[in-house]
Amino acid sequence: MAATSFHQAIGTIQYSGCCSNANLNQMNGNYSFRLISKGFKLDIALLRIGTYCSRKRSFSIIQASTSHSTVFDPVSYPSNGTKSDSKKKPSEAALILIRHGESMWNEKNLFTGCVDVPLTKKGVEEAIEAGKRISNIPIDMIYTSALIRAQMTAMLAMTEHRRKKVPIILHDESERARAWSQIFSEDTNKQCIPVITAWQLNERMYGELQGLNKQETAERFGKEKVHEWRRSYDIPPPNGESLEMCAQRAVAYFKEHIEPQLQCGKNVLIAAHGNSLRSIIMYLDKLTSQEVISLELSTGIPMLYILKEGQFIRRGSPVAPTEAGVYAYTKRLAQYRQRLDEMFQS
């Protein structure tokens, strides 16, 4: 049995709900199912199709092998050694939102939109500082846009986290990318955090304004017209997206892919952009279109939400990792911080 390999599609597996009885883990594009019967135990690694958790998802088995299994530890809470901890249904989950640090076109006062521009030195420092502010908050999964400035922000922030788990970008662009990025060490997988990139979380596309100087554009088209393009809800710049159009894709992605993870009890970090994050906050805080256009997000400042009993509760921004008040937001976060202290003191 241990040497058996399956090289053809052998069927479809369906499950309902976020947390099924099967042990479903994923890392670097692979699912692992653990099947246990009276006489034997079999681990089957599956190439990834779909997302981690959803209300209803189908998976086609493309390749199965007992020679390797990919396992990801989805719970980042330090254990006190009791078996009952892993069986308890999570009562809440943390959601952290971070707008990327200053980019090189932010510095030059240019419209950036979906142009893939990296961080400045200041942006790097902002990302590291953001990491310090969230260094005691549990993180199980990371979502970023497809743009490098958001990915840099997430990666740099995680260098400051006390658990020292390694963020690993999942490559799903081709079968070869999935196969070549596999990890075959269970211990290593347990020390990794999956990073999922999604174009739906990109900054809104500024169309023909991208690359133009903001001041010069205002002088050319008039301040009122440029302000209308930048701050109205439903008026796009020439051949670009309005905030409403950006919100349609960003919120739809959040509801389909990210919210189910939070409902499963996983703690999520999203590193993205001003307009895609404003869109998500509009959904979380139930803001009107008039309220969201006046919402400003600073670069590199994390915002914390708690999902509890189906409701998102905004907890503001952690001021610093040493301030006890930050971790008194909820009992669960306070316990996590306490266990971190105990872990690193022993």
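**Exercise 1. Is Glu296 buried, partly exposed or exposed, judging by its relative accessibility?**

Step 1. In this predicted model, the relative accessibility of Glu296 is 53%.
Step 2. The cut-off for exposed is over 50%.
Step 3. Glu296 therefore counts as exposed.

**Exercise 2. Which residue does Glu296 meet in a salt bridge, and which parts does the pair tie together?**

Step 1. Begin with the idea behind such pairs: side chains of opposite charge can pair when their charged atoms come close.
Step 2. Now look for the partner. The side chain of Glu296 meets that of Arg231 in a salt bridge, with 3.2 Å from N to O.
Step 3. Place both residues on the chain. Glu296 belongs to the loop between α11 (289-292) and β13 (303-308), while Arg231 is in helix α8, so the salt bridge ties together parts that are 65 residues apart in sequence.
Step 4. Check the surroundings of the partner as well: Arg231 has a relative accessible area of 22%, so Arg231 is partly exposed.

**Exercise 3. Find the salt bridge of Glu228 and the salt bridge of Lys190, and say where each pair lies.**

Step 1. Start with Glu228. Its salt bridge is with Lys225, and the closest N and O atoms are 3.0 Å apart.
Step 2. Locate this pair. Both Glu228 and Lys225 are in helix α8 (residues 223-231), 3 residues apart, which is about one turn of the helix.
Step 3. Add the accessibility. Glu228, at 29%, is partly exposed, and Lys225, at 36%, is partly exposed too.
Step 4. Turn to Lys190. Here the salt bridge is with Glu186, and the closest N and O atoms are 3.6 Å apart.
Step 5. Locate the second pair. Lys190 and Glu186 both sit in helix α6 (residues 186-190), 4 residues apart, again about one turn of the helix.
Step 6. Lys190 has a relative accessibility of 31% and counts as partly exposed; Glu186, at 34%, is partly exposed as well.
Step 7. For the wider picture, the count of salt bridges comes to 7.

**Exercise 4. How do helices α3 and α4 pack, and which residues make the contact?**

Step 1. Find the helices: α3 covers residues 121-133 and α4 covers residues 148-158.
Step 2. Read the geometry. The angle is about 50°, and the axes are 7 Å apart.
Step 3. Put a word to the angle: it makes α3 oblique to α4.
Step 4. Add the handedness: the crossing of α3 past α4 is right-handed.
Step 5. List the contact. α3 brings Val124, Ala127, Ile128 and Gly131, and α4 brings Met152, Thr153, Leu156 and Ala157.
Step 6. Sort these residues by type: 6 are nonpolar, 2 are polar and none is charged.

**Exercise 5. Which residues of α4 are buried, and what do they pack against?**

Step 1. Walk along α4. The buried residues are Arg149, Ala150, Gln151, Thr153, Ala154, Ala157 and Met158.
Step 2. Look around them. They pack against several elements, among them α3, β8 (92-99), β9 (141-144) and β12 (268-272).
Step 3. Set this beside the whole protein chain, where buried residues make up 50% of the 346 residues.

**Exercise 6. At what angle do α9 and α10 pack, and how do the contact residues divide?**

Step 1. Helix α9 (residues 243-263) and helix α10 (residues 274-285) pack at about 65°, and their axes are 8 Å apart.
Step 2. This crossing is right-handed.
Step 3. The contact includes Leu243, Ala250 and Phe254 of α9 together with Arg278, Ile280 and Tyr283 of α10.
Step 4. The contact residues divide into 9 nonpolar, 3 polar and 3 charged.

**Exercise 7. Which residues, beyond the neighbours within four places in sequence, are in contact with Trp199 and with Asp285?**

Step 1. Trp199 is in the loop between β11 (192-197) and α7 (214-221). With a relative accessible area of 52%, Trp199 is exposed.
Step 2. Beyond those sequence neighbours, Trp199 is in contact with Ala146 and Arg249. The C-alpha atoms of Trp199 and Ala146 are 4.9 Å apart, although 53 residues separate the two along the chain.
Step 3. Asp285 is part of helix α10. Its contacts beyond the sequence neighbours are Tyr305 and Arg314.
Step 4. Finish with the chain as a whole: among contacts between residues at least 6 apart in sequence, 74% join residues at least 24 apart.

Key: Residues numbered from 1 in each chain as written. Predicted model: local features only at pLDDT ≥ 70, side-chain atom pairs only at ≥ 80, totals over all residues. Heavy atoms only, no water. Axes fitted to C-alpha atoms, helices over the stretch in contact; angles between N-to-C directions. Helix = DSSP H or I, 4+ residues; strand = E, 2+ residues; numbered from the N terminus. Left-handed = near helix turned anticlockwise from the far one by under 90°. Contact = heavy atoms within 4.5 Å. Nonpolar A, V, L, I, M, F, W, Y, C, P; charged D, E, K, R; others polar. Parallel < 35°, antiparallel > 145°, perpendicular 65-115°, else oblique. Salt bridge = Lys/Arg side-chain N within 4 Å of Asp/Glu carboxyl O. Buried < 20%, exposed > 50% of the residue type's maximum accessible area, 1.4 Å probe, protein only.
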